[in-house]
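Q: Please take a close look at one part of this model, the main nonpolar core and what surrounds it. Start with the fold, then work through the residues.

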Amino acid sequence: MTPPYRVGDELPPLEIPVTRTLIVAGAIASRDYQDVHHDAASAREKGSPDIFMNILTTNGLVGRYITDHFGPTAVLRKVAIRLGAPNYPGDVLRLTGRITELRTADASSADASSADASSADASSDEVVDAVEAIEAVVQVTGGNGIGRHVTGTVAVTLPEPSVGRAGA
């Protein structure tokens, strides 16, 4: 089965308003209690104009960007990001992505049922092949009003079961 994706395909951009609530909630959810992520006065004392988003929140938003695009069966395999310009409240994070590589993934590493289990449910005239998985590598960038906030790559597995009829 030919995947519906090609190397060079651009993902549609995702714009995320950077709110004070998003920054604080992301820090709390990732158990990052550094005061620069929730206390504006402390952030200013340390040289920042305001609180700013932590890397774990950015990592989660990058993952959301990828899974929103590829759908609920997408499995993130590797997320490697680097931060640049901080995300401050009142700005907008704009994520973009481009597929840089497509490859066949090891079916045993994909979250899919085995061919034996699928065969038990198939009628006698069906042939069920092992689940093939495609892995996409996506180059992701994210900018805000002051510059490039995040750059990185994400490897994502896209399971696509192949089912065919014998003699068809």
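A: This is a predicted model. The chain has four helices and seven strands. In sequence order they run β-α-α-α-β-β-α-β-β-β-β. Of its 168 residues, 38% are buried. Among contacts with a separation of 6 or more, 77% join residues 24 or more positions apart. The accessible surface is about 9,300 Å², and carbon and sulfur atoms make up 52% of that.

Now the core. The largest nonpolar core holds 26 residues. Ile-66, Phe-70, Leu-95 and Val-140 have the most contacts inside it. Five elements are named as giving two or more residues to this core: strand 1, helix 3, strand 3 (91-105), strand 5 and strand 6 (147-160). Helix 3 supplies the largest share, five residues.

Phe-70 deserves a closer look. Beyond its neighbours within four places in sequence, Phe-70 touches Tyr-5, Leu-11, Ile-99, Ala-136, Val-138, Val-156 and Leu-158. One of these contacts is with another ring. The chain has one aromatic pair. The ring centres of Tyr-5 and Phe-70 are 4.9 Å apart and the planes stand at 75°, so the pair is edge-to-face. Planes over 60 degrees apart earn that label. Tyr-5 sits in the segment before strand 1 and Phe-70 in helix 3, so the pair ties together parts 65 residues apart in sequence. Both Tyr-5 and Phe-70 are buried.

The segment before strand 1 also holds Asp-9. At 27% relative accessibility, Asp-9 is partly exposed, whereas buried would require under 20%. The Asp-9 side chain reaches the backbone nitrogen of Arg-6 at 2.8 Å. Leaving aside neighbours within four places in sequence, Asp-9 is in contact with Pro-4, Gly-97, Arg-98 and Ile-99. The C-alpha atoms of Asp-9 and Ile-99 are 5.4 Å apart, though 90 residues separate them along the chain. Ile-99 is also one of the contacts of Phe-70.

Next, helix 1 (residues 20-29). Its buried residues are Ile-23, Gly-26 and Ala-27. They span an arc of only 100° around the axis, so they lie on the same side of helix 1. The spacing fits a general rule. An α-helix has 3.6 residues a turn, so residues three or four places apart point the same way. Thr-21 and Ala-29 are exposed, on the face of helix 1 turned away from its buried side. The cover over the buried residues of helix 1 includes strand 1 (10-18) and helix 3 (55-70). Strand 1 and helix 3 also give residues to the largest core. Just after helix 1, Arg-31 has a positive phi of about 60°.

Last, a charged residue in a core-contributing strand. Glu-135 lies in strand 5 (residues 132-144). Its relative accessibility is 13%, so Glu-135 counts as buried. The side chains of Glu-135 and Arg-103 make a polar contact of 2.6 Å. Outside its neighbours within four places in sequence, Glu-135 contacts Arg-77, Glu-101, Leu-102, Arg-103, Ala-105, Ala-155, Val-156 and Thr-157. Val-156 appears in the contact list of Phe-70 as well.

Methods:
Residues numbered from 1 in each chain as written. Predicted model: local features only at pLDDT ≥ 70, side-chain atom pairs only at ≥ 80, totals over all residues. Heavy atoms only, no water. Buried < 20%, exposed > 50% of the residue type's maximum accessible area, 1.4 Å probe, protein only. Contact = heavy atoms within 4.5 Å. Areas by Shrake-Rupley, 256 points an atom, 1.4 Å probe, with all protein chains shown as cover. Polar contact = N/O pair within 3.5 Å; in protein donor to acceptor, adjacent residues only side chain to side chain. Arc of directions from axis to C-beta. Core = buried A, V, L, I, M, F, W, Y, C linked by side-chain atoms within 4.5 Å. Phe/Tyr/Trp six-rings, centres within 6.5 Å; stacked < 30°, edge-to-face > 60°.
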